[in-house]
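Colleague: I am new to this structure and would like a close look at a single part of it. Could you take me slowly through the way one chain meets its partners, and then show what surrounds that picture?

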Amino acid sequence: MQARSMELTVGLFVMAGLLALAMLALKVGNIHALNLGGTYAVTADFNDVGSLKPKAPVTVAGVRVGHVARITINPQTYQAVVTLDLLKKYRFPRDSSASIETAGLLGEQYVSLSPGGSRRYLKNGSKIRITQSAIILEKIISQLLYSKAGHSSGHS
Amino acid sequence: MSWGADTIRALGRRVISGIGRLGHAVLFLVRLMPGLGVALARGRLIIQQLYMTGVLTLVIVLVSGAFVGMILALQGYNTLVRYDAQSSLGLLVALSLVRELGPVLTALLFAGRAGSALTAEIGLMKATEQLDGMEMMAVDPLPRVVAPRFWAGWIAVPLLAMIFSAVGIIGAYIVAVGDLGLDGGVFWSQMQSGVSISNDIMGGLIKSVVFGFVVSWIAVFEGYDAKPTSEGVSRATTRTVVSSSLAILGLDFIMTAFMLRGL
Amino acid sequence: MDRRNSTEPLVTVRDLAFYRDERPIFQDLNLTVAKGSVTAIMGGSGSGKTTLLSLIGGRLVPARGAVTVAGEVVASLPRKLLFALRRRMGMLFQSSALLTDLDVYENVAFPMREHTRLPEALIHDLVLMKLEMVGLRGARGLFPAELSGGMLRRVALARAIALDPMMVMYDEPFTGLDPISMGVIVKLIRELNDALGMTSIVVTHDVDEACTIADYIYLIGEGRVIAEGTPADMKKTDAPEVRQFMGGLPDGPVAFHYPAPRYFDDLLRADRP
């Protein structure tokens with residue numbers, strides 16, 4: 001009687017806690033990052049990855065299709081080698097290009113893929129040939145300032 | 001001159017007695033260990049204590065969680081809107097709650113609501129000779145009285161912390177979408193792209209498990225160690241809240257430092 | 001009424017010494033409790049009567065000497081055997097020590113549930129039997145906070161005899177009770193002792209009640225036995241300590257004043273504030 005209702009309340013309490021955990025995992029956390037459908041890895045070389053970090057999203061036309069797995073450096077070319085884990089359910093042409101972009105002015109950086117026209121597709125271990133490095137704001141600004149400075153000194 | 005020496009001596013005495021207390025607490029935990037297994041075999045007692053500690057703390061956790069989430073949404077919005085980044089509000093709220101505020105505030109609330117009650121209950125059982133009576137009935141109070149309360153506290157804190165974070169996020173959603181006019185889809189999608197299950201949610205869960213252990217340990221130790229008088233029990237209750245709060249914040253700093261460095 | 005025909009001792013205390021923070025509580029204490037008897041241990045407040053019960057129950061360890069209960073030296077028993085021995089002892093605390101989160105029924109059932117695997121129906125019958133003995137069968141659903149002092153002590157008594165112990169120790173069972181409750185407890189101690197064939201040790205400073213129920217009385221003070229004998233012996237004796245205690249005289253061998261320097265000197269002390 002009394003013990004029964006106490007057990008019921010405790011049971012409900014524990015369930016509420018587990019439901020909260022489930023909500024955090026499914027609705028708040030990114031369950032897709034766990035790659036339930038499996039992924040395949042492709043690499044892309046960049047001259048400069050800017051502030052790209054592992055786990056950053058990989059998107060095609062703004063839709064998330066995978067994430068950055070690793071960023072290493074090629075000891076011969078001194079280029080950054082970015083390994084991308086792409087979801088198995090998507091296939092992309094082999095002549096697709098990859099670029100590093102920034103979400104908003106100060107947002108985080110991500111990799112954007114632009115599909116090409118080839119009939120052959122990227123598969124595990126493929127390499128994306130055409131890449132566009134991160135646009136680094138400071139570099140653009142300093143270039144702008146230098147060219148301005150050169151211009152004005154020539155003028156005087 | 002002698003005043004300075006006295007001050008330093010007083011400080012030394014406090015440090016020594018503090019270390020001594022920690023030693024006593026550790027010894028107590030060691031003595032409690034076999035009882036923990038025995039108590040686990042009698043789940044009924046743990047369920048009873050889960051009701052006393054967990055369920056009765058639930059209301060304050062629900063209310064606090066909702067308010068903290070709503071406040072975070074309002075404050076976060078006001079800051080983010082200056083950088084035109086209000087779309088990240090969901091992410092900001094979720095990370096703050098899941099990583100930090102959920103585990104820490106829940107543990108602090110638990111220490112104040114249930115931890116102090118645990119100490120007072122055990123202390124009063126001691127003061128009214130209930131524990132002595134059990135000993136004379138050949139019943140060891142450690143597995144029978146202390147261990148179920150310890151288990152219940154340890155189990156309740158992580159569950160409550162998850163509930164706190166979830167309710168907080170829902171509260172923030174209501175304010176953000178209902179009052180501030182943010183788009184609900186953006187709220188959730190930004191959150192999902194930025195909150196990592198393995199780092200952020202697991203990290204918060206680990207923190208709350210550690211806090212649950214420490215708060216329950218302090219509460220049952222202070223109760224069992226209390227002087228069996230009404231003054232002794234009230235002092236022990238205060239000590240539980242103070243030491244638990246300090247332990248929670250100190251451990252939180254250490255764990256956060258380790259987690260952010262990716263260890 | 002006289003059950004002291006068996007002189008076989010159940011509890012013997014030999015040359016017992018015990019110190020609390022260097023302060024001697026007992027020095028060379030010797031006494032025996034005969035099986036089947038009601039033995040009263042009397043003494044002023046602070047004479048260590050409760051400490052003696054703790055020593056018999058094995059909750060304290062003597063500095064010297066030994067306490068033997070049913071042939072076992074209590075202090076030398078490993079924990080498991082000590083607990084086995086305690087299962088055969090009941091103890092009634094002054095504060096009743098009932099578990100406040102359980103009702104009367106569950107309090108009496110507590111030792112049975114902890115120590116036996118009896119079926120629920122049997123526990124039910126046993127609990128009602130014990131409660132019937134103390135006249136509180138009707139109060140089984142009440143919680144300790146709802147009971148009067150006398151009823152609390154009766155419930156505690158029912159709990160103490162729950163496992164049919166060979167011996168029950170009573171710590172100040174008469175203190176703080178109204179005359180009717182006191183009469184009930186006096187009657188219960190004697191009746192239960194005889195009906196259940198138990199041995200009872202009653203620690204008390206209530207002279208009249210002790211003389212009513214006890215078969216044998218020990219008067220302790222200054223860490224040893226001052227006098228012993230049957231209630232009749234105790235009343236007749238001329239020893240001044242006994243006369244003072246039994247008669248309730250304020251001053252005598254047990255001084256009214258706590259040891260202090262001379263009154264006059266104390267008043268003339270130079271260090272007065």
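Modeller: A good place to begin is a single contact, in which Arg86(C) forms a salt bridge with Glu135(B), the closest N and O atoms being 3.6 Å apart. Please keep in mind throughout that this is a predicted model, and that the distances and areas I mention are computed from it.

That pair belongs to the interface of chain B and chain C, across which 5 salt bridges are found, along with 10 residue pairs in polar contact, counting pairs with both residues at pLDDT 80 or more. On the side of chain B that touches chain C, helix 4 (130-136) and helix 5 of chain B each supply at least two residues, and helix 4 of chain B gives the largest share, with 6 residues. Sorted by class, that side of chain B holds 7 charged residues, 6 nonpolar ones and 3 polar ones. In terms of extent, 16 residues of chain B are in contact with 22 residues of chain C, and the area buried between these two chains is about 1,800 Å², with carbon and sulfur atoms giving 55% of it.

Chain B also meets chain A, and of the 2 pairs of chains in contact it is chains A and B that share the most contacts. Here 29 residues of chain B are in contact with 24 residues of chain A, while the two chains bury about 2,300 Å² between them, 80% of it on carbon and sulfur atoms. Within chain B, the residues that lose the most area to chain A are Leu159(B), Gln192(B) and Ile197(B), which together make up 24% of what that side buries.

Between chain B and chain A the count is 1 salt bridge, and Arg44(B) forms a salt bridge with Glu7(A), in which the closest N and O atoms are 3.0 Å apart. The count of residue pairs in polar contact between chain B and chain A, again with both at pLDDT 80 or more, is 2. Several helices of chain B each supply at least two residues of the side that touches chain A, namely helix 2 (43-80), helix 3 (89-127), helix 5 (141-179), helix 6 (184-194) and helix 7 (197-225). Among these, helix 5 of chain B gives the most, with 9 residues. By class, the side of chain B that touches chain A has 21 nonpolar, 7 polar and 1 charged residues.

As for the two partners of chain B, chain A and chain C do not touch, and their nearest C-alpha atoms are 12 Å apart.

Chain A itself deserves a short look as well. It is divided into domain 1 (1-34) and domain 2 (36-143), whose C-alpha centres lie 38 Å apart. Chain A also has an open sheet of 8 strands, arranged in the order 7-1-4-3-2-6-5-8 with mixed pairing. Strand 7 (127-128) and strand 8 (130-132) of chain A stand at the edges, and each has a single partner strand, so one side of each is left without a neighbour in the sheet. Elsewhere in chain A, strand 1 (residues 39-46) and strand 4 (residues 80-87) run antiparallel and are joined by 8 bridges; Asp45(A), for instance, stands opposite Val81(A) in strand 4 of chain A.

How values were computed:
Residues numbered from 1 in each chain as written. Chains lettered and ligands numbered in written order. Predicted model: local features only at pLDDT ≥ 70, side-chain atom pairs only at ≥ 80, totals over all residues. Heavy atoms only, no water. Contact = heavy atoms within 4.5 Å. Buried area = accessible area lost by both parts, 1.4 Å probe. Salt bridge = Lys/Arg side-chain N within 4 Å of Asp/Glu carboxyl O. Polar contact = N/O pair within 3.5 Å; in protein donor to acceptor, adjacent residues only side chain to side chain. Helix = DSSP H or I, 4+ residues; strand = E, 2+ residues; numbered from the N terminus. Nonpolar A, V, L, I, M, F, W, Y, C, P; charged D, E, K, R; others polar. Domains from an automatic or database assignment. Pairing = 2+ DSSP bridges.
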